Amino acid sequence: MSLAGTASLRAFLTGRLLDIALEFARNGSDPSGAFAALAPIAGLYFACALYGYMANVVQGILFALARWKMSMSMRQKLFKALIRQEVGFFEQNSSGALVSRLTNDTDQLQNVLNRAPETLVTNVMRLVVSLVLMAQQHVLLTLVSVAPLPLAFLLVKKTGKVVGRYGVLQNDSLARVNAVASEAIANVRAVQIAGAEKTEVEEYCQATNKYLKVIEQTLFKETALRFVSTLLNDALSDVPLLCLSCWFIACGQLTMGQFYTYRTLLWSYRRGFRELAELFTGVSRAQAVSQRYFDLTDRQPSVSSKPSATRLPLSHVRGTLSLQGVSFRYPDQDEWALQDVTFDVQPGEVVALVGASGAGKSSVLRLCARLADPQDGSIRLDGHELRDLDLQDFRRCIGVVDQEPALFDRSVWDNVGYGCTLSQKGCVRDELLADAVAAAQATKFVEALPVDEPLGERGSRLSGGQRQRLAIARAIARGAPVLLMDEPTSALDGETEEAVASTLSRLAAQGRAVLVAAHRLRTVARAHRIVMLEDGRVVEEGRREELLAQPNSRYRATVEPSMEVE
Ligand SMILES: Nc1ncnc2c1ncn2[C@@H]1O[C@H](COP(=O)(O)OP(=O)(O)OP(=O)(O)O)[C@@H](O)[C@H]1O
């Protein structure tokens, strides 16, 4: 505010200086007297200028800091909202597009929002002060200057709408560009093996060209509208203003000093209007873009804890997992992935889920880990409906090994201890992690790895079997009463598989409930019970010997012959 005030004051002082100088010239007075009259005004001008420069520097630093703080806080808020979303959300939104929202959208928002208060205050002040001082110099000239304002304002509004609409299109196109790049980079092996580099480059170029096209369209439309608005407000009113000013000077109604002051104020008024117009279009764009940002930050995950959720301390959990009439359909799918599934897993028991590919084994495990909720039926842990339990508490009760072992680009021990609930510190914790690694048959290769060296993105520096064993070690290290495993031994050799399967039996003997989806006979043969799924339904259940002994056993006829024995 003070910056805008001093700028207008400087225009006013310049006018005064000119008027005094011209008066001395006209009267032919002693120039040394002119110096005495001009000096105090020039001094005041100097003070204003000095203050203006200093205030500018301080304002620059403060707003730059605020901009970065705002940007980081918006990113943190969005990331916090994203990471809570249910797994299904990430299957419908590509990671590249989400990262684009996290970086690009927030940057755009903070750019506008950060400048908004400064631009608004400075320019409203500039506009008001300039108009008042202009009116003080000459009312009629001021009225002519502001005559095109209503029309110019309508054009600015229209520009805002257009820029807002195209802003969303631009960001969506950029999200697509990032999605294409991140998918190709994440699958670079498959791309190279398939020799599809050219296809991927074409896809990327197509996406970037589309983005460029949207930017071009925005630029053309925005510039055209801005041009008309500036033409109306500045250029068209300038000719009558100049003629009128000369006329008033000739009539003696306007001094040269007043004319100079008026022109400087007019320039300041126009600058104020222009910057407010730019701010308005920027805010319109931010408003449109922010819709996406707030859609994400406000989104409630479909899987979350109820406000009245039951707390479940780990020490109170036995680990009985039971499914009762569970039916589940993936979002946007017509077919049911699971129908009326009923079985349970008791503490001390290994239950093997078997069935053909696509039968629904992973879907059962997904529901048991509460990564999604079933549409029908109930899943209970120790008699508590999963939906009623505090989600964090429940997740502490389960150790999960996924079909694709999820490792991080961190050290091997950080990976094993990831999300670990071990309360012990130091040596005891290290010992427990080492035990888990040994139980997963991973000691030999883990000891050969450099202790602090990261394992590469998603553990890319390890073999498939090594990744799988680290994932098993992590699940064991959690010390959870329920273990959910999706083909945990699929990448292991026969001997290691046998050892891991016997580890699972030992863990069960210690009182854990183990539910394991398996295609391998060694793993299935060691299970206490087998649940066979076909097209999302449980078709057979029992001990392996019982199933094999049954006449017309679906298990004996279809599953066992197709099982891999290494
Ligand atoms: N994320 C998903 N979105 C939509 N449908 C899915 C999704 N995951 C699985 N399905 C569908 O659900 C059904 C059951 O799949 P599921 O992955 O549970 O089978 P599975 O028995 O684990 O198979 P596999 O042995 O090949 O891993 C399949 O028809 C599959 O196409």
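**A tour from the ligand to the sheet**

Start at the ligand in this predicted model and select the residues around it, which are Glu 91, Tyr 330, Gln 333, Ala 337, Gly 355, Ser 357, Gly 358, Ala 359, Gly 360, Lys 361, Ser 362 and Ser 363. Coloured by class, this shell divides into three nonpolar, seven polar and two charged residues, and its largest share, three residues, comes from helix 10, residues 361-368.

Next, colour the chain by domain: domain 1 covers 2-298, domain 2 joins 317-397 with 481-566, and domain 3 covers 409-479. The C-alpha centres of domain 1 and domain 2 are 60 Å apart.

Then select helix 6 (residues 149-186) together with helix 9 (residues 256-298), whose axes lie 8 Å apart and meet at an angle of about 35 degrees, in a right-handed crossing. Among the residues that meet here are Gly 160, Gly 164 and Gly 167 of helix 6, and Ala 277, Ser 284 and Ala 288 of helix 9.

Now turn to the open sheet, where six strands follow the order 6-7-8-3-9-10 with mixed pairing. Strand 6 (398-401) and strand 10 (537-542) are at the edges, each with a single partner strand, so one side of each has no neighbour in the sheet. Within the sheet, select strand 3 (residues 350-354) and strand 9 (residues 529-534), which pair in the parallel sense over four bridges; Ala 352 has Ile 530 as its bridge partner in strand 9.

Finally, add helix 16 (residues 494-509), which packs on the sheet and touches strand 3, strand 7 and strand 8, and helix 19 (residues 554-562), which lies across strand 3, strand 9 and strand 10, at about 85 degrees to strand 9.

Terms used:
Residues are numbered from 1 along each chain as its sequence is written. This is a predicted model: local features need pLDDT of at least 70, side-chain atom pairs count only at pLDDT 80 or more; totals for chains, interfaces and linings use all residues. A residue is near a molecule or strand if its C-beta atom, placed from the backbone, lies within 6 Å of it. Helices (H or I, at least four residues) and strands (E, at least two) are DSSP runs, numbered from the N terminus. Ala, Val, Leu, Ile, Met, Phe, Trp, Tyr, Cys and Pro count as nonpolar, Asp, Glu, Lys and Arg as charged, and the others, Gly among them, as polar. Axes are lines fitted to C-alpha atoms, for helices over the stretch in contact, and angles run from 0 to 180 degrees between N-to-C directions. A crossing is left-handed if the near helix is turned anticlockwise from the far one by less than a right angle, and right-handed if clockwise. Two residues are in contact if their C-beta atoms, placed from the backbone, lie within 7 Å. Domain bounds come from an automatic or database domain assignment. Two strands pair if DSSP finds at least two bridges between them.
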